[in-house]
Amino acid sequence: MDHQLFHLSNGIRVLFKPTDTVISHACMLINAGARDEIPNHYGIAHFIEHLLFKKTERRNTNQILNRLELVGADLNAYTTKEYTCVHASFLKEHLLRVMDLFEDIVFHSVFPETEMEKEKSVILDEIASYQDSPEDAIMDDFEDLVFKNHSLGHNILGITTSLMSINRSDVLSFLKQYYCTNEMVIAITGKYNLGRLKLLLEGLFDKIGPTQSSCARKAHVHYLPQQMTITKPIVQNHSSIGNVAYHLYDNRKIGMMVLNNLLGGMGMSSRLNLEIREKYGIAYTIESNYTPYTDSGVFSIYYGTDEDKAEKADKLVHKELRKLRENKLGVLQLHQAKQKFIGQIALAEENRMGVLITMAKNILDYGRVNTLEEIVEQVNVLTAEDLLAISNEVFDAAKLSSLNFHPAEG
């Protein structure tokens with residue numbers, strides 16, 4: 001194994017991946033995200049992520065932000081539907097400084113009302129900027145359409161009315177429910193001695209008592225295809241179509257990943273890019289995406305095109321989906337699809353922070369790390385029949401939802 005996994009006394013799991021470089025990376029992953037919010041508190045998970053950098057029991061905002069930047073390190077965080085992640089990249093001699101800061105902001109933030117009000121204004125600007133970017137907004141709005149009336153649907157940033165109603169008591173309640181030690185993973189990669197690393201982390205984190213999350217997520221089970229067109233003050237027509245797809249623990253997940261990559265994934269040689277952009281030149285951006293969640297998943301295709309070309313683009317997209325439903329991949333096509341996917345997964349291993357966060361997610365989701373060798377083995381056993389069956393289920397025209405942003409006249 002290229003990593004070690006151990007537990008702190010309070011239940012926090014620690015993953016250590018040794019490397020022989022002067023640059024280290026670390027992340028703290030918390031199993032709490034936008035899907036854990038109640039309707040009148042939409043946006044609270046992302047709001048808390050912002051507030052972690054504002055004030056703790058012993059540091060003000062400037063001290064938090066300067067703690068790592070003054071030694072040339074990079075500190076950041078993000079929120080997804082299911083996770084919150086704080087991460088840093090730094091010279092290896094600054095590990096104590098980084099871990100001390102992680103412990104401080106995650107467990108000792110004080111959330112002053114004055115900072116909360118300022119940060120609400122910042123996030124409102126973020127929401128406005130987001131709404132000005134239809135190619136970004138349509139992807140989240142599409143998930144809201146697919147997961148209608150379910151916690152997986154609403155936007156991570158929240159909405160203005162719910163954000164403005166959140167108070168300090170709401171923040172503390174969310175933290176108590178979801179920021180629990182049994183649902184946290186610290187992951188570190190760098191040139192360290194395992195024994196000394198354990199002592200350092202125990203000295204910092206063992207004073208935090210154990211907590212257990214008791215909140216169970218409700219699975220999304222009732223999907224009905226939806227079609228919606230929204231008129232906006234934009235120049236191009238923006239479209240997204242797709243369907244619910246497989247969750248993290250479904251054996252068909254890997255097959256869905258290979259199909260998505262073949263259809264509209266990374267690179268210029270995807271079927272959608274070759275057909276719609278290269279052959280006909282009617283879309284600058286066209287891509288497909290597959291996101292598996294712990295109990296559901298979503299597949300979508302996004303493309304933006306001029307209004308007078310939108311109908312043709314729609315037909316060409318559906319034509320490519322129909323090909324995958326009706327025609328089994330040939331031996332060479334299957335081999336090429338597998339090799340492309342495996343190569344891209346292998347290249348992603350060069351992104352050490354990305355790999356570290358993925359490993360931390362594996363610990364939260366599966367209790368173990370899925371190795372590259374295991375993924376390659378799962379890809380290699382896929383058959384053309386497997387991919388045909390997946391295509392006929394996920395790409396079924398009768399099950400597809402669609403969302404269009406249509407330019408307003410004049």
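Reader: How many bridges pair E9 with strand E10 (residues 297-305), and in which sense?

Author: Strands here are DSSP runs of E with at least two residues, and helices are runs of H or I with at least four, all numbered from the N terminus. Two strands count as paired if DSSP finds at least two bridges between them. For E9 and E10 the sense is antiparallel, and the number of bridges is seven.

Reader: Where do these residue numbers come from, and what kind of model is this?

Author: Residues are numbered from 1 along each chain as its sequence is written. This is a predicted model, where local features need pLDDT of at least 70, side-chain atom pairs count only at pLDDT 80 or more, totals for chains, interfaces and linings use all residues, and side-chain values use heavy atoms, leaving out hydrogens and water.

Reader: Which residue in E10 stands opposite serine 288?

Author: Let's look across to E10. Opposite serine 288 you'll find isoleucine 301.

Reader: What is the strand order of the open sheet of five strands?

Author: Its pairing is mixed. The edges are strand E7 (227-232) and strand E9 (286-292), each pairing on one side only. Read across, the order is E7-E11-E8-E10-E9.

Reader: Which helix packs on that sheet?

Author: Look for the helix touching strand E8 (237-244), E9 and E10. Its direction makes about 145 degrees with that of E10, where axes are lines fitted to C-alpha atoms (for helices, over the stretch in contact) and angles run from 0 to 180 degrees between N-to-C directions. That's helix H11 (residues 310-326).

Reader: And what is the order in the open sheet of six strands?

Author: Here too the pairing is mixed. Strand E1 (4-7) and strand E4 (74-79) are the edges. Inside the sheet, strand E2 (residues 13-18) and strand E6 (residues 184-190) run parallel, joined by six bridges. The order is E1-E2-E6-E3-E5-E4.

Reader: How many residues are in the largest nonpolar core?

Author: Such a core is a set of buried Ala, Val, Leu, Ile, Met, Phe, Trp, Tyr and Cys residues joined through side-chain atoms within 4.5 Å; buried means under 20% relative accessible area, exposed over 50%, and partly exposed in between, with a 1.4 Å probe and protein chains only. Among those with the most contacts inside this core are Met99 and Ile188. The count is 69 residues.

Reader: Which helix gives the largest share of this core?

Author: The share is eight residues. They come from helix H3 (residues 95-107).

Conventions: Contact = heavy atoms within 4.5 Å.
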